[in-house]
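Hi,

Here is the structure I promised to send over. Have a look at it first, and then read on for what turned up.

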2 protein chains.
Amino acid sequence: MRNAPLQERRNRQILADLVRTYIETGEPVSSRAISRRFEETLSTATIRNIMADLEDGGFLYQPHTSAGRVPTAAAYRFFAQEIASQATLSVEDREWIRREFAAAQSRAEITERAGHVLAEVSNGLGIVVSPPLGRTVLEHARLWLLPDGRVVVVLISPGGITRDKVLRPPRAFSQQELDATADFLNRRYSGWTLEAIRNDLLVKLATEREAYEGLLRSALALCDPVVLGEETTPLVHVEGTAQIASAPEFANQAQLRELLSAIEEKHRLVTVLNACIDAPEPVLVQIGVKEISQAGENLALISAPYTRGDGVQGSLGVLGPTRMHYERAINAVAYVAQIFSETLSKIS
Amino acid sequence: MRNAPLQERRNRQILADLVRTYIETGEPVSSRAISRRFEETLSTATIRNIMADLEDGGFLYQPHTSAGRVPTAAAYRFFAQEIASQATLSVEDREWIRREFAAAQSRAEITERAGHVLAEVSNGLGIVVSPPLGRTVLEHARLWLLPDGRVVVVLISPGGITRDKVLRPPRAFSQQELDATADFLNRRYSGWTLEAIRNDLLVKLATEREAYEGLLRSALALCDPVVLGEETTPLVHVEGTAQIASAPEFANQAQLRELLSAIEEKHRLVTVLNACIDAPEPVLVQIGVKEISQAGENLALISAPYTRGDGVQGSLGVLGPTRMHYERAINAVAYVAQIFSETLSKIS
DNA sequence: AAATAGCACTCCCTGCGTGCGAGTGCTAGC
DNA sequence: GCTAGCACTCGCACGCAGGGAGTGCTATTT
C-alpha cells in the first residue's frame, strides 16, 4: 500500500481521466476505458495496478468486486483543483451569460437571471444569497406622518434597495420631530450599515446622557422595527429544482426528499454558501456538503462572492451532484459573479 | 352497460367507500375489501357486479385484468362533491392553524405560514397567490428628490404594502414640482387601484388638454416605472416541494421533474389557481390539472379566494396527488382562506 | 524492475420457467 | 336480485443457468 499515489505524474493524469469519463458516462470506469483514452499506450493490466494503488489511497472505490472504479469525494477534490488552474469558459457560454443579464433591470431580475444561468450551466441548483438587511448601508432616511398617526419609515441605500414600513409608533410623533430625527440619522449615520447604526444607538443610549437623548430614542424606536422586521436573515434565491430532480443520482426518492427539504430550510444553505467569502481562492469548490443533508455526500457546491462597489455583498453558486461538469460550472460561477457584481453597480 | 350507475344510492356509497379505501391504502381495491367495509352485508360477488357497472360508467378502472379497481378522475370529482357538503375540520386542526397564524406579523410572514399549513395538511404543495401590483389600492403617494437628482417614489396602500423605487427621471424635477404631483395624486386618486390610475392618466392625457397637463405627465413619468417594474405579474408563493417529492405517485422521476418545472413557471399556476375566484362554490376542487403538466392528471388542486376588507385579493390552495385526504384538505383550505383574510385585515 | 499477456474467478444482469396468491367474470342455484 | 362456486387471468417472487464485463494474480517479456 503506497500512501501517496498522486506523487507520480502519470497516476494523476489517470485519476483525472477517470473522473472525467465517470462524469461523462455515470458508470463505473473500467481499466479498458482508461487504456483507450491513452490510445492504448498502456495496457489494461498496468492501469489496473495503478487503479489499485489509487483505491488504496482513497481516491477510488469499487461498487462490487468485479466492477469498474468510481471516484470518491477525494478524487473530485483533486480533480477540481487540477482543472481550476487551467480552464476557461467557452465564448458561447460567455456570450450567452452576458445576454441573459443584458435585459435585467431591477435587482430582483438580475438575481433571478443569475440563478437561472447557474442552474442551467450545472444541471443543478442555482443559488443566490442576498445580503441581510443589517449589512445594507444607509444613504438616506426619511420619515413622515400619516394623517392617522402612523409613521412611514423609508431607508434608502446606495444600491437603490429601499426598505420601508408603515408602523404604529409607541408614542405620538409630530412631523417636526420626525424631520429632526431623520435629519439626525442622515447627518450622523449616512454611509453606515444598519447593523452598525443600531449598535451605536444602543451604546450611546447606555453610556451618554446628552442633549440629544430624545433623538436617539426616537431614531431607535422608528428604525428598529424596520430592521428587525421580516428579513433579518439573508434572502436566498434558489432556481432549478426541476433540474436536480432529474439527476440520476437522485433516483432514490428519500434522498431527493431530504435534499428538497434542506433547500427549504434556507439558513443552512446560507452558511455553506457564504464560506466562499472568507476563502482564499476566488471560487470555492466544496465536495460532499454534509451540512445540507445526509445525501449531501453526493453533492458539490461551487460558490463565489459578489460585490457592489468595494464591499462583498453576498454569494452565489451552484449546488449539484458531485458528478457534474466542473470545468464549465467553476468558470461559469466565476463569470456570473463578475457580471452580477458589475450589473449590480450599474443599476441605480 | 348502464349509463348512470350513480342513480342508485348504494352504488354511490360503494364508490365513495372505494375512493376512501384507495386514498388510505394506495393500492387497487378489491371487492373483498369493500365487502368488509359493509360488514359483509353484501357478498363480494354483488360488489363485483356493481364495480363492473361503475367501471362502465367511467368511475373505475383496472390496472390489469385480475387486479382490484382504482378510482378515475371522475370518481374523485364525485367524491369531492359528496364530502364537501358534510365534513368539518377537526378541533385540533383548527387550533393548530390558528396558532400558526398567531405569531405572524408581516404580510410576508402570513403568506409563508399559510403556505406551510396548506402543504402540511395535504402532503402536497401549499400555494398562495398574492395580488398583482396593479390591483393594489393607492392610499398615499410621496415623492422626493435626492441630492443627485434621482427621485424616490413611495406608494402606500391600505394594507401597508408599500412599493418604492429610486429612479432617475427622464427630466430634472424640483422638489416643488414633486410635491405638487404627489398632492395631485393623493387628492385625485386616493382609493383607486394603480391599474385604474394609470389608465385614467393615459386617457386624460389623450383626450383633455387642460391646465394640469403638466401634472398628468409628471405623474405618469414617475409612477409608471414603479408599477411596470418587477412585479406586474402576481407573486406566487409555493411551499412544500419536499412533501410532494416523496408522494409515491411521483416515484416516476420524469413526472416529478415535469411537475417541478411546472411549478417554476409560476404564471401557469396562477391561472389555474385563480379559477376559484369566479367559481360559484367557496372552495373549488379541480381534479386532473392538465394545464400544469402532463403528469397533471394525477394532481388535484383545491383553491379558495381570500379577501381584504371587501375585495378579493388573490387565492390560495393546495396542489397534491389526486390521492389525497380531501376531507381535511378542503376544509383546511376554506379555513386558512378565512383566517388569512382576517389576519390580513388586522395587520396594518 | 516495470510492463504485459493470459487465465481463473467474481459478480451482475437477463431471461426463463415455475408456483403461488389475489382477484376477477361468469354461471347456476337460492 | 343476491350469492356460492369455479375456472381463469395476471402479477410477482423465486430459483436457476448462461453470458459478459471486469478484476486480481502470476508468469513472462522487455
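Before the first result, one definition: two residues are in contact if their C-beta atoms, placed from the backbone, lie within 7 Å. Please also keep in mind that this is a predicted model.

**Chain A overall**

With that definition in hand, take the contacts in chain A between residues at least 6 apart in sequence: 64% of them join residues at least 24 apart. Chain A contains 13 helices and ten strands. Its radius of gyration is 26 Å, well over the 20 Å that the globule rule gives for 348 residues, so chain A is more spread out than a compact globule. Along the principal axes, the C-alpha atoms of chain A fill a box of roughly 85 × 40 × 35 Å. Of the 348 residues in chain A, 41% are buried.

**A covered strand in chain A**

If you want one strand to look at in chain A, try β3, residues 125-130. How many of its six residues are buried? The count is six of six, so to speak a strand that is mostly covered. In general, the side chains of a regular strand alternate between the two faces of the sheet. For β3(A), both faces are covered: A:Leu125, A:Ile127 and A:Val129 are buried on one side, and A:Gly126, A:Val128 and A:Ser130 are buried on the other.

β3(A) also has two pairing partners to trace. With β10 of chain A (residues 311-321) it pairs in the antiparallel sense over five bridges, and there A:Val128 stands opposite A:Leu316. With β7 of chain A (residues 235-239), β3(A) again pairs in the antiparallel sense over five bridges; here A:Ser130 has A:Leu235 as its bridge partner.

**The sheet in chain B**

Over in chain B, five strands make an open, antiparallel sheet in the order β7-β3-β10-β9-β8. Its edge strands are β7 (235-239) and β8 (284-287) of chain B, each of which pairs on one side only. From one strand to the next, the twist averages 20 degrees. Inside this sheet, β9 (residues 299-308) and β10 (residues 311-321) of chain B run antiparallel and are joined by ten bridges, with B:Pro305 opposite B:Ser315 in β10(B). Helix α4 of chain B (residues 73-84) packs on the sheet, where it touches β8 and β9 of chain B, and its direction makes about 165 degrees with that of β8(B).

**Where the two chains meet**

Chain A and chain B each put 30 residues into their contact. On the chain B side, the elements that each supply at least two residues are α6 (107-122), β4 (140-145), β5 (151-156), β6 (162-167), α10 (241-245) and α11 (253-264). Which of these gives the most? That is α11(B), with six residues. By class, the side of chain B that touches chain A has twelve nonpolar, ten polar and eight charged residues.

**Around DNA strand C**

Finally, the DNA. DNA strand C is surrounded by 18 residues, and the closest are A:Thr46, A:Thr65, A:Ser66, B:Ser30 and B:Ser31. Three helices each supply at least two residues of the surface near strand C: α3 (44-56) of chain A, and α2 (31-37) and α3 (44-56) of chain B. By class, that surface has five nonpolar, ten polar and three charged residues.

Happy browsing, and all the best!

Note on methods. Residues numbered from 1 in each chain as written. Chains lettered and ligands numbered in written order. Predicted model: local features only at pLDDT ≥ 70, side-chain atom pairs only at ≥ 80, totals over all residues. Near = placed C-beta within 6 Å. Helix = DSSP H or I, 4+ residues; strand = E, 2+ residues; numbered from the N terminus. Nonpolar A, V, L, I, M, F, W, Y, C, P; charged D, E, K, R; others polar. Buried ≥ 20, exposed ≤ 12 C-beta atoms within 10 Å, placed from the backbone. Pairing = 2+ DSSP bridges. Rg over C-alpha atoms; globule rule 2.2 N^0.38 Å. Axes fitted to C-alpha atoms, helices over the stretch in contact; angles between N-to-C directions.
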